[in-house]
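Biologist: Could you take a close look at one part of this model for me, the place where its two domains meet? I'd like the whole story in one go.

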Amino acid sequence: MKRLVIAVAVLLACPAWAQPANLSDAVRALIPLAEEEGALHVYGATLNPRQVRAFADSFNDYYGIDIDFTMSGGLHSAKASEVAMAHRAGVPTGIDVFWTGLISAMVETGALMDVDWAGTYGANESLTMGRWGLRTHDGHQSLVTVNTNRVSASDAPNSYKDLLDPKWRGRIVMPRSPYPWITMSYAMGEEETIALVSNLVSDQEPKMLARYADIRARVLSGEFPVAVGTDIFSLRNRGAPVTHPDMDLLVLASSGAFVLAGAEHPAAAKLWGLWAVSPEGQATLEETRSYSLAETPDTALNAYAAGRRVVHVPFEWRLQHHDRLAKTFLEILNRAGS
Amino acid sequence: MTRLSPLSLIYGGALVGLTFVIVSLAGNVIGSLTSEARFDDLTLDAYRRLLSDPGLPATLMRTLALGFGSICVTLAFALPFAWLLARTDFSWKTGLFTLLAAKLAIPGFITAMAYVWLFNPSAGLVNAVLGQTNYTGEAAFDVYQIKWLCLLQGLVLVPGAAFMLIPALRNLDGSLEEAARVAGVPGWKTFRHIVLPLLAPGVLAVAVFYFVVAVEMFDFVAIIAPPGDVLVLTIYEALNTVDGLPDYGLAGAAGVLLFALSAGAILFYVRFLRQARKYAVLGGKRRDPGLVRLGKWQRAATALVVLWVTLSVGLPVITLLWVAVVPFIQPPSLAAFDNASLYGFLDGFSYLKEPLTNTAIVMAGTITMALTFAICLTWVVTRSRSTIAPWADALVFLAPAVPAIVTATAFQVMGIAVYQWLPLYGTLWLIMAAMGTRMLAYCTRTMNAAALQIHPELEEAAWVAGLSRWRTFTGVFLPLMAPAIFYAALMVGMLAARDLTLPLIMNSAGTPLVSVLIFDLQTNGETASAAAVALYMIVVLVLLALTARKLTGVAEPGLEK
């Protein structure tokens, strides 16, 4: 009797029967292959072990499988370059999915696998990134943050031009990176963005820091009342005195799942991409990192985007213009303090 | 089959160590000649871009100022501390040793963060208490200055420099000081005219080595971010590109410029080594130097230690404790105490097991590699009389000038290139090799200075007595080098545990290390857990250091009993 009870309990708890009913045949065909592969490594976000476990549990539960799931993160451009070199030399990297928005180094060497996410696996056409990736969440590299202890709602900037108000002189912290301004160029126009950044650097004496975590720390501590280039959705949930003010524009540049051409676990890698855009995957991304697609309901980004002018920077445009604009904006940023 | 002579093992070890150094240096030089990261199309374009930058002279001047300033601060503390530990009856030796070890385990960004909170011009606590922030007029203190950067970097480098100097101080022949004492020469004059000149190779090695390290350090530059660029920022930006390939060319060219800045000092040091025998004081008739009684100077010594401890250990540890109990980074306030909890400690502890095990493996592997190569290199450099030995030593000396991120890339490229024959790419072994190479210079600096003080007459006597050169090496040379080996191992272990850049770049297999865990937690905004893990790490490393010192018996004189 005891064994029967245990067996029933295991059956009820076992996720294998909990697969979503709407999976296409092509996706279902990947599941046994992925189980045979037995493991999956995703390179991308920096997550703590608890968050990695949450990803692993949700992913495995979604397909009713039990795959050894690992993740790592770091400097994406350096890793992309290394992956490209390894691919050229035919050396396995141990990475199956590169979860990023920055892929040009790997495109040039053919290190990414072509995946027909929409045609073969039924993903929404609007989620595809070139012929390689699947858009999993929307990045917002030019978000403005204010410390609510230092800035009242009525005083907070409502547009990027408001950042040029003399009252913010010496009060803004922002990245040394040109990244926020590249995507802004698409939304605001190149000339207008160049003028904005030039004026910011020359008139507003912003504090420019190399690392995003440091920018977040400075606006959190109240040392700088205004920050550009970092999001605080999850910190706000913990009661931190920071918010994103009511800006007139939200610029989004997507990140996605890219399966590597030399992936040792390609079936599991594809399943992971498809899981990430599913409601269950989006819920996990939102819960762990406040990552989501802007169109996913009940997420912090979705709420912030509501009623606002939202501009998605096309993936192809980024591939085409990044290098040139990066040089332009770096030159402007480097004028500070020289 | 030809049997290898034991001595060839030493030369072999030195050769492998040197090869790793050359991989790192060549990675930098070849990188500087690339464009768009293409290694088949070498060009001088990166040098043209770097040298045509109108801001370069100012950047170089700031970099030099940073290097010299940091060294001055470091030596101002490290030299007296090493002397206190090695040559005096200072009452708080164990405490000082423990705190020096603890400092090695404190992440650099925490020290920088603590100072930003206290002395930033907008809302720094000290400025706020004084009522002088730049909201109210002129701030009393402004931490965002190059002089503060020198102070902070200088304070952080003190433990390593002190540990480097201790072996050299312990090997001094006491008969020279005794003769001076008998002749009525005052203590400070003896120190200035006898002790310091005899320590010259050791002090010079420390100064040159830490100059190279100080201009390559990134943590403090990133957080303090003084006005204007320094070379390490140019390198960081070149490698941390928005998209596309990192600009290895520009980073490499800037790295070569760092070599050039360091080269003058290193050449001077190489010339110094040529007169090595002048500094050999540990001969067959050596007298134990004995301990200097501090007497009334005990208080002054204690005050100096307290000053350094407060600035260098106290403030960062208090900062860590504070960050570990509040839900997000915020300056101390009564309101913030309401939200304080031990969640960070519990959460951090739940993550520790696997990263701690992996970190212990990396520490052990890195110590083994770095020490093996360093002992072999030191023997070759100081004993072989080969004309190329000093130049090999100079090459090793240059290794720390290669930015960590470039070293990581060079080893990854090597790992990929030799994968067919030696599948190290993607494993912890390659990380250990890269770490060991970066720390080789530290080990050889510490050991060379000690080896130079051991007069070759000791080994010559052993040969005359019929001992083989191998037995002389293991039975005479190594035991006399034990203190230097211990302190080199201590430093390598601590730095290996703390190093972030190499594991972050090279670890594709997802093998978690404690340093990467701290980085991940911090990047995620989970600062409480990150700070708690850092505190656990400090406790573990300090306990390890104390245990190692007890087990090896390499305590400072006056503590053995």
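Modeller: Sure, and keep in mind that this is a predicted model. Between them, domain 1 of chain A and domain 2 of chain A bury about 590 Å², with 65% of that on carbon and sulfur atoms. On the domain 1 side, a trio stands out: Gly101(A), Leu102(A) and Met129(A) supply 40% of the area that domain 1 buries against domain 2, more than any other three residues. Sort the domain 1 side by class and you get five nonpolar, three polar and one charged residues. As for polar links across the interface, the rule finds zero salt bridges, and one residue pair turns up in polar contact, both at pLDDT 80 or more.

Now for where the two parts sit along the chain. The domain assignment puts 15-137 + 255-289 of chain A in domain 1, while domain 2 gets 144-246 + 308-334. The contact itself takes nine residues from domain 1 and six residues from domain 2. Going by C-alpha atoms, the centres of the two domains are 30 Å apart.

Since you're looking at chain A anyway, here's a sheet to find in it: an open one of five strands, in the order β8-β7-β9-β6-β10, with mixed pairing. β8 (207-209) and β10 (242-243) are at the edges with a single partner strand each, so one side of each has no neighbour in the sheet. Further in, β7 (residues 172-175) and β9 (residues 226-228) run parallel and are joined by two bridges. There you can spot Ile172(A) opposite Val226(A) of β9(A).

Terms used. Residues numbered from 1 in each chain as written. Chains lettered and ligands numbered in written order. Predicted model: local features only at pLDDT ≥ 70, side-chain atom pairs only at ≥ 80, totals over all residues. Heavy atoms only, no water. Domains from an automatic or database assignment. Contact = heavy atoms within 4.5 Å. Buried area = accessible area lost by both parts, 1.4 Å probe. Salt bridge = Lys/Arg side-chain N within 4 Å of Asp/Glu carboxyl O. Polar contact = N/O pair within 3.5 Å; in protein donor to acceptor, adjacent residues only side chain to side chain. Nonpolar A, V, L, I, M, F, W, Y, C, P; charged D, E, K, R; others polar. Pairing = 2+ DSSP bridges. Helix = DSSP H or I, 4+ residues; strand = E, 2+ residues; numbered from the N terminus.
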